[in-house]
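The following exercises concern a single protein chain and are each followed by a worked solution. Please consult the sequence and the coordinates while working through the steps.

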Amino acid sequence: MSIANRLQSFIVDKQVAWNPVIHQPSSCCMDAAHLAHVPPDRLAKGVVLKGNDGYLMAVIPANHHLDLEDLGEAIGDDLALVSEGKLGELFADCKPGAIPPVGAAYGIKTYWDEELGTRAEVYFEAGDHQTLVHMSGADFGKLMRKSATRLPESCH
């Protein structure tokens, strides 16, 4: 079990209760949801993007897809997905492909689907391929509301 250091410090600083959920090694967030027996709409995933003003993250349920064009239009920016190599630099304490959807812990501007905060429970990658962070939807909302901006509905 491993939770990324920066993520753990951020969660502790925000005084949010959480617990780890250990699962068999996974290759993607949908695989992690399946292996951990978590409904995909309760697993938050982060999509890291590069815009004209730097990096940003969009946080959506694992079973949703992000519309880059709509998000770019909504925020007035040209967006592109960040390469795996750059993700390794930005999230140095995480395994490739296991990026926590808490951009603020890494100094990255974040947009989030506020519906996640209404779920009974939310899960997300802890920084490796075998651990999910589990917390109440209310606590996830508390974690995100002070550090993220609402994601326009048309984008996912």
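**Exercise 1. Determine whether arginine 119 is buried or exposed, and identify the acidic residue with which arginine 119 forms a salt bridge.**

Step 1. The model is predicted, and the relative accessibility of arginine 119 in this model is 17%. The cut-off for a buried residue is under 20%, so arginine 119 counts as buried.

Step 2. The partner is aspartate 41, and the closest N and O atoms of the two residues are 3.7 Å apart. This separation satisfies the salt-bridge criterion, which requires a side-chain nitrogen of Lys or Arg within 4 Å of a carboxyl oxygen of Asp or Glu.

Step 3. Aspartate 41 is located in the loop between helix 2 (29–35) and strand 2, whereas arginine 119 is in the loop between strand 5 (109–112) and strand 6. The pair is 78 residues apart and thus links distant parts of the chain.

Step 4. Aspartate 41 has a relative accessible area of 27% and is partly exposed. The bridge therefore joins a partly exposed acid to a buried base.

**Exercise 2. Locate the salt bridge of arginine 42 and assign an exposure class to each partner.**

Step 1. Arginine 42 pairs with glutamate 121, with 3.5 Å between the closest N and O atoms.

Step 2. Arginine 42 belongs to the loop between helix 2 and strand 2, and glutamate 121 belongs to strand 6. With their positions 79 residues apart, this pair also links distant parts of the chain.

Step 3. The relative accessibility is 26% for arginine 42 and 26% for glutamate 121. Partly exposed residues lie between the limits of 20% and 50%, so arginine 42 is partly exposed and glutamate 121 is partly exposed.

**Exercise 3. State how many salt bridges the rule yields, and describe the one formed by lysine 86 and glutamate 89.**

Step 1. The count comes to three salt bridges. As a general principle, side chains of opposite charge can pair when their charged atoms come close.

Step 2. The side chains of lysine 86 and glutamate 89 meet with an N to O distance of 2.9 Å.

Step 3. Both residues lie in helix 4, three residues apart, which is about one turn of the helix.

Step 4. Lysine 86 is partly exposed, at 24% relative accessible area, while glutamate 89 is exposed, at 55%.

**Exercise 4. Characterise the largest pocket by its volume, its lining and the elements that contribute to this lining.**

Step 1. The largest pocket holds about 410 Å³ of space. Its lining consists of 19 residues, and those closest to the centre are Lys45, Gly46, Val47, Val48 and Gly97.

Step 2. Two elements give two or more residues to the lining: strand 2 (43–51) and helix 4 (84–90). Strand 2 provides the largest share, five residues.

Step 3. Sorted by class, the lining comprises twelve nonpolar, four polar and three charged residues.

**Exercise 5. Describe the largest nonpolar core and list the contacts of isoleucine 11.**

Step 1. The largest nonpolar core has 31 residues, of which Leu7, Ile11, Phe91, Phe124, Phe140 and Leu143 touch the most other members.

Step 2. Among the elements that each supply at least two residues of this core are helix 1 (5–13), strand 3 (54–61), strand 6 (121–125), strand 7 (131–136) and helix 5 (137–145).

Step 3. When residues up to four places away in sequence are not counted, isoleucine 11 touches Ile3, Val16, Trp18, Phe124, Val133, Met135 and Leu143.

Step 4. Another core, of eleven residues, lies apart from the largest one, and its members include Ala58, Ile60, Leu71 and Tyr111.

**Exercise 6. Give the location, exposure class and contacts of alanine 148.**

Step 1. Alanine 148 is in the loop between helix 5 and strand 8 (149–150).

Step 2. The relative accessible area of alanine 148 is 18%, and alanine 148 is therefore buried.

Step 3. Leaving aside residues up to four places away in sequence, alanine 148 touches Thr110 and Trp112.

**Exercise 7. Examine the backbone phi angles of glutamine 15 and histidine 37.**

Step 1. Glutamine 15 has a positive phi, near 55°, although glutamine 15 is not a glycine. Glutamine 15 lies in the loop between helix 1 and strand 1 (19–22) and is exposed at 67% relative accessibility.

Step 2. Histidine 37, likewise not a glycine, has a positive phi of about 60°. Histidine 37 lies in the loop between helix 2 and strand 2 and is exposed at 73% relative accessibility.

Technical notes:
Residues numbered from 1 in each chain as written. Predicted model: local features only at pLDDT ≥ 70, side-chain atom pairs only at ≥ 80, totals over all residues. Heavy atoms only, no water. 1 Å grid on protein atoms, 1.4 Å probe; cavity = no way out; pocket = protein on both sides within 12 Å on 5 of 7 lines; lining within 4 Å. Points joined across faces, edges and corners; volume = space filled by probe spheres on them. Helix = DSSP H or I, 4+ residues; strand = E, 2+ residues; numbered from the N terminus. Nonpolar A, V, L, I, M, F, W, Y, C, P; charged D, E, K, R; others polar. Core = buried A, V, L, I, M, F, W, Y, C linked by side-chain atoms within 4.5 Å. Buried < 20%, exposed > 50% of the residue type's maximum accessible area, 1.4 Å probe, protein only. Contact = heavy atoms within 4.5 Å.
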